[in-house]
Amino acid sequence: MRSNGLEYQQQQPDSPIRRRVLSWLVGLINLGVIVGFIAPVLGFISSPARRRREPGEWVPVLNAHELKPGETRAVTYSLMVKDGYTTAEHRYSVYLYHRSDGTILAFDPSCPHLGCRVEFKERKQRYVCPCHGGVFDTEGNLVSGPPPTGLTKLPVRVDGGKIWIQRV
Ligand code: FES
């Protein structure tokens, strides 16, 4: 039987240092596998797509001096919304009504019947739903039609010369 240096080295028992290094390597590989499985789950749970804009957030929508007493105005505003891993600009709208007593009302334009967007008719001073004919007065109260309730009122405040609404 021939013997050379290579066979001699292979027959040597593993040194404690070598065993420790291999054990660390195996541990690192296992850790990588575990992180590889857990990271996507954590990513999904904490995904921005699951964190839409917070309800209750206050948003400035108009300079206060632009809304005259007695006026109803549709206002659109934009918010940057994280959608998945991108951020995109989303547009929203709200109706503002400046009452004669100086207070301001804000309405979600979604009809409480099936969600169509109501339109304010200046001459009639009424909100009208184009889908099934729901009608609401300037205070958002139901006048006629199938909607079960009046328009959804949003909290409003005037601060720093701006009209702010609270999103719901
Ligand atoms: S959706 Fe507005 S009346 Fe039906």
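**Note on the strand architecture of a predicted model**

1. Strands S3 and S4 are joined by four bridges and run antiparallel. In this predicted model, the two strands make a hairpin with five residues between them. Gly102, which lies in that turn, has a positive phi of about 95°. Within the pair, Tyr95 has Phe107 in S4 as its bridge partner.

2. The overall composition may be stated briefly. The chain holds two helices and 11 strands. Read from the N terminus, the order of elements is α-α-β-β-β-β-β-β-β-β-β-β-β, with both helices ahead of the strands. Of the 168 residues in the chain, 12% are buried. Among contacts with a separation of 6 or more, 45% are between residues 24 or more positions apart.

3. S3 (residues 86-98) also pairs with S2 (residues 72-83), in the antiparallel sense and over 12 bridges. Two residues separate S2 from S3 in this hairpin, and Gly84 in the turn has a positive phi of about 70°. In this pairing Ala74 is placed opposite Tyr95 of S3. Tyr95 therefore has a partner to be examined in each of two pairings: Ala74 and, in S4, Phe107, given that strands count as paired when at least two bridges are found between them.

4. S4 continues the pattern on to S9 (residues 153-154). Two bridges join S4 to S9, and the two strands run antiparallel. Here Ala106 stands opposite Leu154 in S9.

5. Which residues have the most contacts inside the largest nonpolar core? They are Val94, Tyr95, Leu96, Ala106 and Val118, in a core of 17 residues. At least two residues of this core come from each of S1, S3, S4 (104-107) and S11. S3 gives the most, with four residues.

6. The surroundings of Tyr95 can be set out in more detail. With residues up to four places away in sequence left out, Tyr95 touches Thr72, Ala74, Ala106, Phe107, Pro109 and Phe120. Two of these, Ala74 and Phe107, were named above as residues paired with Tyr95. Ala106, another residue touched by Tyr95, is itself among the residues with the most contacts inside the core.

7. Arg73 lies in strand S2. Is this residue buried, exposed or partly exposed? Arg73 is partly exposed, because 15 other C-beta atoms lie within 10 Å, whereas a buried residue would need 20 or more and an exposed one 12 or fewer. Not counting residues up to four places away in sequence, Arg73 touches Leu67 and Leu96; Leu96 is one of the core residues listed in point 5. Arg73 and Phe120 are 47 residues apart in sequence, and their C-alpha atoms are 8.2 Å apart in space.

8. A separate description is needed for the open sheet of four strands, which has the order S5-S6-S7-S8 and antiparallel pairing. Its edge strands are S5 (119-121) and S8 (142-144), each of which pairs on one side only. S5 and S6 run antiparallel and are joined by three bridges, with Lys121 opposite Arg126 in S6.

9. Val128 is found in strand S6 (residues 126-128). Val128 is partly exposed, as 18 other C-beta atoms lie within 10 Å. Leaving aside neighbours within four places in sequence, Val128 is in contact with Val118, Glu119, Lys121 and Val135. Of these, Val118 is among the residues with the most contacts inside the largest nonpolar core. Val128 and Gly145 are 17 residues apart in sequence, with a C-alpha to C-alpha distance of 9.6 Å.

10. The remaining open sheet is formed by three strands in the order S1-S11-S10, with antiparallel pairing. S1 (58-63) and S10 (156-159) are the edge strands, and each pairs on one side only. From one strand to the next the twist averages 35°. S10 and S11 (residues 162-166) pair over four bridges in the antiparallel sense, and Val158 stands opposite Ile163 in S11. Two strands of this sheet, S1 and S11, each supply at least two residues of the largest nonpolar core.

Note on methods: Residues are numbered from 1 along each chain as its sequence is written. This is a predicted model: local features need pLDDT of at least 70, side-chain atom pairs count only at pLDDT 80 or more; totals for chains, interfaces and linings use all residues. Axes are lines fitted to C-alpha atoms, for helices over the stretch in contact, and angles run from 0 to 180 degrees between N-to-C directions. A nonpolar core is a set of buried Ala, Val, Leu, Ile, Met, Phe, Trp, Tyr and Cys residues joined through C-beta atoms within 7 Å. Two residues are in contact if their C-beta atoms, placed from the backbone, lie within 7 Å.
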